[in-house]
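Thanks, everyone. Please have a look at the structure on the screen, and then I will go through a few places in it.

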Number of protein chains: 2
Amino acid sequence: MQVVPPALERLIHDFSRLPGIGRKTATRLALYILRRPESEAQNLAQDLLHLHSAIHLCRHCFTFSETDPCGICADAGRNRRLLCVVEEPGDQLLIEKTGAFNGLYHILHGVLAPMDGIGPDELKVRELLARVRSGTVEEVLIATSSTVPGEATASYLADQLKKTGVAASRLACGIPMGMDIKYADEYTLAHAIRARQHMVDRS
Amino acid sequence: MQVVPPALERLIHDFSRLPGIGRKTATRLALYILRRPESEAQNLAQDLLHLHSAIHLCRHCFTFSETDPCGICADAGRNRRLLCVVEEPGDQLLIEKTGAFNGLYHILHGVLAPMDGIGPDELKVRELLARVRSGTVEEVLIATSSTVPGEATASYLADQLKKTGVAASRLACGIPMGMDIKYADEYTLAHAIRARQHMVDRS
């Protein structure tokens, strides 16, 4: 016997296809929307319909943007000698939020994953190298994740960048700020020891 | 400087208003939808637009349904002497999933919360009492949550039902199936001891 009405079931199914949303959470969200005024569901629907038509990739950095070039690429106040390479637009948002970076970005739209058929040609690697060769960039900060595919992608990019003559750097790896070292995993701790930063020189 | 494009920002804002979805999860969901084909966003939007117009409350039990009366109320095979009172349609779905209940339902659409101005008149209590008085019901199983407001609502309903002459019952409270008792809280454990079920009689 069908207990969930079909219109509700379809929405639950839609939600449960989103990342990190299981059937239980999807049901809770759909029931919440059904209990709220119809106008809220309509707002959400309109914003969904508007999303893809409003947003495109910036021709320079390939981030999601409503303008082309995007606001950051068009901003004369940014440091054009420094280029930060990230996996996804979401990573760019996180770095912008820190306020610690004033250069430009380049979005790869993924990481190397040979098992899934994702090689350099599936990412914006050719565009990165062309941009570095033709432009004002002096240093590329490779800000891919510290995961196995993120590190592999970083190594590959460093090799490729060596041929272009620009400097390449990598996000520092170590103990997270505010973390008790007894909770750090041994690999991170070992890396933090090897990459230790000197505070006082021998006198 | 605006890093998140406005169309994306609006969708993130919409998602972050849903229960249990913070700004970070909302951003992840919106970026996921942006990376997927436009047709998927359109499907989700259509299902949202369709939701409220397709679904109404059943005139008998007040559950969400596309038909009136709903499938369960219209089903001649259900036991019309047993009525299960739940807080929300989601609770009904959970009980149906167990397969352990074959009676009818009555959805309160909330619990008593005097501090928030929610009294019996804001819930489907008058409708419950009218239904019990006029119908075939012999027992009302009060399946509100075992929370403070859920218990208060159950007590109130039991008082009201006493006047109608039908039996009222409550979901059993005790140790969850499969749980090691060392993880049970002391209140649940104390209740489970007092409400112990005899297995063998004295011979």
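I will start with one side chain: a polar atom of the side chain of H52(A) lies 2.8 Å from the backbone oxygen of R36(B). Keep in mind that this is a predicted model. The side chain of H52(A) also reaches a second backbone oxygen, that of L34(B), at 3.3 Å. So this histidine of chain A has polar contacts to the backbone of chain B at R36(B) and at L34(B).

Where does H52(A) sit? It belongs to helix 3 of chain A, which covers residues 38-54. Is H52(A) buried or exposed? Its relative accessible area is 14%, so it counts as buried. Setting aside neighbours within four places in sequence, the residues in contact with H52(A) are I33(B), L34(B), R36(B), P37(B), E38(B) and A41(B).

Staying in chain A, I move to the strands. Strand 3, residues 79-86, pairs with strand 4 in the parallel sense, over 5 bridges. One of the pairs is L83(A) with L104(A), the latter in strand 4 of chain A. Between these two strands, the chain passes through helix 5 of chain A, residues 89-98, and this β-α-β crossover is right-handed. How many residues of strand 4 of chain A are buried? The count is 5 of 5 for this strand, residues 103-107, so it is mostly covered.

Now to chain B and its sheet. As general background, strands of a sheet pair through backbone hydrogen bonds, either parallel or antiparallel. In chain B, 4 strands make an open sheet in the order 4-3-5-6, with parallel pairing. Which strands are at the edges? They are strand 4 (103-107) and strand 6 (167-170) of chain B, each pairing on one side only. On average, neighbouring strands of this sheet are turned by 25° against each other, with direction ignored.

At the strand 6 edge, the pairing partner is strand 5 of chain B, residues 139-142, and the two are joined in the parallel sense over 4 bridges. Within that pairing, E139(B) has A167(B) of strand 6 as its bridge partner. Helix 6 of chain B, residues 125-134, packs on the sheet and touches strand 3, strand 4 and strand 5 of chain B. The direction of helix 6 makes about 150° with that of strand 4 of chain B. Helix 5 of chain B, residues 89-98, lies across strand 3 (79-86) and strand 4 of chain B, and runs at about 160° to strand 4.

Next, the cysteines. How many disulfides are there over all chains? The count is 0. Why is C70(B) not in one? The closest cysteine sulfur, in C61(B), is 3.7 Å from the sulfur of C70(B), which is too far for a bond because the cut-off is 2.5 Å. For C84(B), the closest cysteine sulfur is again in C61(B), at 11 Å, so that pair is too far for a bond as well. Both residues are covered: C70(B) is buried at 4% relative accessibility, and C84(B) is buried at 0%.

Last, a residue in helix 3 of chain B, residues 38-54: Q46(B). At 44% relative accessibility, Q46(B) counts as partly exposed. How far is the C-alpha atom of Q46(B) from that of T153(B)? The separation is 37 Å, for residues 107 apart along the chain.

Terms used: Residues are numbered from 1 along each chain as its sequence is written. Chains are lettered from A and ligands numbered from 1 in the order in which they are written. This is a predicted model: local features need pLDDT of at least 70, side-chain atom pairs count only at pLDDT 80 or more; totals for chains, interfaces and linings use all residues. Side-chain values use heavy atoms; hydrogens and water are left out. Buried means under 20% relative accessible area, exposed over 50%, partly exposed in between (1.4 Å probe, protein chains only). A polar contact is a pair of N or O atoms within 3.5 Å; within protein, one must be able to donate a hydrogen and the other to accept it, and residues adjacent in sequence count only if both atoms are side-chain atoms. Contact means heavy atoms within 4.5 Å. Two strands pair if DSSP finds at least two bridges between them. A crossover is right-handed if, with the strands pointing away from the viewer, the path from the first strand over the helix to the second runs clockwise. Axes are lines fitted to C-alpha atoms, for helices over the stretch in contact, and angles run from 0 to 180 degrees between N-to-C directions.
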